[in-house]
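Biologist: Please take me through one part of this model closely: the charged side chains that pair, and what lies around them. I am new to this structure, so give each cut-off once as you go.

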Amino acid sequence: MRATRDVAAGAPSDPAHGAPPGAVLVLSGADGRVLVEFSGSSPADGFGLALAFLGDTGGDAQPELAVGAPFASDGGRRDGRVDELSVPGGQRLRSLRGRDG
């Protein structure tokens, strides 16, 4: 995200209607074009339902974005996941999983 205040928009899937996995689009604040797109891994995980701008967490002068997938499952358990994504590079830096309570 640059000084023009780019925007991140989440588009979580709707598994009840057979939708594809969710997505997150980072749009240019200057002209609205898509700068980078991230895709979820499963239609049922809700990828893109929650977003948070993290700033530069890696010390590389590049912004990161946290994306929630609250219904992500691992081995049949729906424990949720948060992915840390590099905005300009489009890479998934790490994933943090929750636990069933």
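Modeller: A residue is buried under 20% relative accessible area, exposed over 50% and partly exposed in between (1.4 Å probe, protein chains only). The model is predicted, so local features need pLDDT of at least 70 and side-chain atom pairs 80 or more, while totals for chains, interfaces and linings use all residues. Numbering runs from 1 along each chain as its sequence is written, and side-chain values use heavy atoms, without hydrogens or water.

I begin with the charged pairs. Six salt bridges are counted (a side-chain nitrogen of Lys or Arg within 4 Å of a carboxyl oxygen of Asp or Glu). Four residues, Asp45, Arg81, Asp83 and Arg92, are linked in a network of such bridges. Within that network, Asp83 meets Arg81, with 2.9 Å between the closest N and O atoms. Asp83 also meets the side chain of Arg92, where the N to O distance is 3.2 Å. Asp83 therefore takes part in a bridge with Arg81 and in another with Arg92, and counts as buried because its relative accessibility is 0%. Arg81 is buried too, because its value is 10%. Arg92, by contrast, is partly exposed because its relative accessible area is 41%.

Away from these residues, Asp31 and Arg33 form a salt bridge, and their closest N and O atoms are 3.3 Å apart. Asp31 counts as exposed because its relative accessibility is 52%. Arg33 has a relative accessible area of 46%, which means that it is partly exposed.

Next, the surroundings of Arg92. One of the residues that touch Arg92 is Leu85 (contact is heavy atoms within 4.5 Å). Leaving out residues up to four places away in sequence, Leu85 also touches Phe38, Phe47, Pro63, Glu64, Leu65, Val67, Gln91 and Leu93. Leu85 thus connects the topic of the charged network to that of the nonpolar core, since Leu85 contacts Arg92 and is itself a core member.

The largest nonpolar core (buried Ala, Val, Leu, Ile, Met, Phe, Trp, Tyr and Cys joined through side-chain atoms within 4.5 Å) has eleven residues. Besides Leu85, these are Val24, Val26, Val36, Phe38, Phe47, Leu65, Val67, Ala69, Ala72 and Val87. At least two of the core residues come from each of β2 (23-27), β3 (34-39) and β5 (64-69) (strands are DSSP E runs of at least two residues, helices H or I runs of at least four, numbered from the N terminus). The most, three residues, come from β5.

Two of those strands also belong to a sheet. The order β1-β2-β3 describes an open sheet of three strands with antiparallel pairing (two strands pair if DSSP finds at least two bridges between them). At its edges stand β1 (7-11) and β3, each of which pairs on one side only. Five bridges join β1 and β2 in the antiparallel sense. On β2, Val26 stands opposite Ala8, and Val26 is also one of the core residues.

To return to the request, the network joins Asp45, Arg81, Asp83 and Arg92, and Leu85 of the core is in contact with Arg92.
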